[in-house]
Amino acid sequence: MSKTGIDTYNYVLRDSAFIGKKWCYNIIFYPRRKNELTFKGDFWVNDTTFAIKSLNMAATKSANINWIKDIYIEQEFDVLNDSVFLLTKDYMMSDFALNKKEKSKGVYGKRTTFYQNHQFNNEKPVSFYKEEVNYNNDEIYKKSDEYWHKNRFENLSKDELGVYKMLDTLKTVRKFKQLYNLVSILGTGYAQFGHFDYGPIFSSFGVNEVEGLRLRVGGRTFFSPDDAWRLQGYTAYGFGDNKLKYGLSGKWMMNKANRIILSGGNRRDIEQIGASLTTTNDVLGRSFASSALFTTGSNGKLTNINLSNVALEIEPVKNLTFQTGFSYRTLVSASPSFSLDYYIDQARTITKRDVKQSEVNLQVEYTPNRKAIGFGVERNFVDSPYTRLFVNYSHGFKGLLNSDFKYEKVQLYYKQPIIIGPLGRTNVIVELGKTFGTIPLGLMSVIPGNQTYFSIDNTFSNLNFYEFVTDQYATLQWNHNFGGRLFSRIPFMRKLNWREIIGIKGVYGTISDANRAINASGLVYRAPETPYWEYSAGIGNIFKVFRIDFAWRGNYLNIPDTQKFSVKGSFGFYF
């Protein structure tokens, strides 16, 4: 009943009648155009309050949505008075399938919710209205069949009563098990063997100039999505440097109500540091840029890292998380052609190769309207357009555990999605950061480049690694996904269900004279004091899983060995 609904739907008045004591009109609606995310159906609406009395609608067959053949929704409302209409029944059915052909096989998902016995004007204490962060009432699953038969508002049908037996039977069907395992591996990146998950599968192979061919094996414990604790680990071997690497971490959720989580671990590996501006001290957080199978240029600027950390996290209010932690790291160049050296004397005659640094940090993350799946120590999140605000303060100690530098670092990351009606979704991303104190190259804020053939979020597609180095920076990104709105208006492209993406990003940064003075790495520091920018256009949803982006460099075109144009690809499952 939106005032702008006429831009998307056609409406037809079909009938009018009393429903209860309310005079209502029955209106049919259907989309004006094909391939848009629209429904068709009808509703009964009151003539004076314009409140919906009942609603039936189904997704249009041409809607640009993947893996779902059909969506059907029914809702019924009860009139309490002229201003209050209460939802009494909410029914939803989804038909999941690989394609929308009538003969395609799939899985039906149905959910029916009834509401009765509403209570009003009963005063409750303030604590009653505070939403639990991690509410999961296990007692509900322990109720007997007799309890549910007595208390259900509507009895189950014969088919619904047989659903548990059907699911048990499906688990014994070989073809279904193979399909389930394939979807699970592609969706999570892990292959399950009992209570152990092997993976991530996509990290098993890599190539870089230091390690040559890199093989990695690893996994995690997994008893259920609601595990209160989890252990993860991996080991890797490079046939070029003949060295063994490893990482081990553990997490334990000590309190479910406020999600108090204790974590810690250690990692010794080769890493492409500077692959992201806003980073955390996750010991198993390895950048894809470190070992991509194919790169567009030299990827030898790698670092040996030995990182240990311990952290405590709490979520006192839903989607508001606080974390504090302590980390200790050692950084040294992993390649003879790359250096992290810095001067340690006033005369600039004595240099040091490695960086030893202890650091304490405080992180605050706020993600309003984010929807989580599961109640365990690790959760998945629904791909909904929620805002993300992340602030990190770090303090580096000098002398503690032989640490080399004292500094303070402040970082901010802000992402704001905006849904623009029928035109799709826009994302605006801002990153700000500043380091107070004198630090070497290994601790600087490197503007993240991308020398792979794959799209990596929050990197610049046409920058090489270490092309720009800063100790204070500001970046702005804008991208917009039309969701197929433009291609749907081209007849011969309509059935492809491709989705159009455009974007632009830029960065400004500087380096202090003190940080330039201690640099003995041989790398000439260059900061984007004249803001660097690039722009892109892409096509998503190719064969439902692929995306290709084309990026053009906006300035700094005369620097040797620069990329003026690049093509990146990515792979993923999205509705």
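A salt bridge here is a side-chain nitrogen of Lys or Arg within 4 Å of a carboxyl oxygen of Asp or Glu. Everything below comes from a predicted model, where local features need pLDDT of at least 70, side-chain atom pairs count only at pLDDT 80 or more, and totals for chains, interfaces and linings use all residues. Residues are numbered from 1 along each chain as its sequence is written, and side-chain values use heavy atoms, with hydrogens and water left out.

**View 1. Glu74 and Lys89 pair up across two strands.** Glu74 makes a salt bridge with Lys89, with 4.0 Å between the closest N and O atoms. Glu74 sits in strand β5 and Lys89 in strand β6 (residues 84-97), so this pair links distant parts of the chain, 15 residues apart. Strands are DSSP runs of E with at least two residues, helices are runs of H or I with at least four, and both are numbered from the N terminus. Glu74 is partly exposed at 21% relative accessible area, while Lys89 counts as buried at 18%. The cut-offs are under 20% for buried, over 50% for exposed and in between for partly exposed, using a 1.4 Å probe and protein chains only.

**View 2. Arg259 and Glu315 form a buried salt bridge.** The closest N and O atoms of Arg259 and Glu315 are 3.5 Å apart. Arg259 is in the loop between β13 (243-255) and β14 (260-271), and Glu315 is in strand β15 (residues 303-317), so the bridge ties together parts 56 residues apart in sequence. Both Arg259 and Glu315 are buried.

**View 3. Arg267 meets Glu271, and other charged residues make a network.** The side chains of Arg267 and Glu271 come together in a salt bridge at 3.4 Å, N to O. Arg267 and Glu271 are both buried. Elsewhere, Glu211, Arg214, Asp241, Lys245 and Asp269 are joined into one network by salt bridges that share partners. In total, the structure holds 23 salt bridges.

**View 4. Nine side chains, from Trp478 to Val567, make a nonpolar surface patch.** The members are Trp478, Ile502, Ile504, Trp533, Tyr535, Ile548, Trp552, Phe565 and Val567, with about 740 Å² of accessible area together. Patch residues have over 30% relative accessible area and no salt bridge; like charges are joined within 9 Å, nonpolar side chains (Val, Leu, Ile, Met, Phe, Trp, Tyr) within 5 Å. Areas are Shrake-Rupley values with a 1.4 Å probe, and for residues only the protein chains shown count as cover. At least two patch residues come from each of β28 (499-510), β29 (532-542), β30 (546-553) and β31 (565-571). Trp478 is in strand β27 (residues 472-481) and is partly exposed, with a relative accessible area of 32%.

**View 5. The second largest pocket has a volume of about 550 Å³.** Its lining has 25 residues, and the closest to the pocket centre are Lys100, Arg494, Lys495, Leu496 and Asn497. Two elements, β5 (68-81) and β29, give two or more residues each to this lining. By class, the lining divides into eleven nonpolar, six polar and eight charged residues; Ala, Val, Leu, Ile, Met, Phe, Trp, Tyr, Cys and Pro count as nonpolar, Asp, Glu, Lys and Arg as charged, and the others, Gly among them, as polar. On a 1 Å grid over the protein atoms alone, where a 1.4 Å probe fits, a pocket is an open set of points with protein on both sides within 12 Å along at least five of seven lines; lining residues have an atom within 4 Å of a point. Points are joined across faces, edges and corners, and the volume is the space filled by probe spheres set on them.

**View 6. Three loops carry backbone oddities at Pro200, Asn369 and Tyr466.** Most residues other than glycine have a negative phi, and most peptide bonds are trans. The bond from Gly199 to Pro200 is cis, with omega near -5°, and Pro200 lies in the loop between β9 (196-198) and β10 (205-208). Asn369, in the loop between β19 (355-366) and β20 (372-373), has a positive phi of about 70° and is exposed at 64% relative accessible area. Tyr466 has phi near 65° and lies in the loop between β25 and β26 (469-470), but is buried at 3%.
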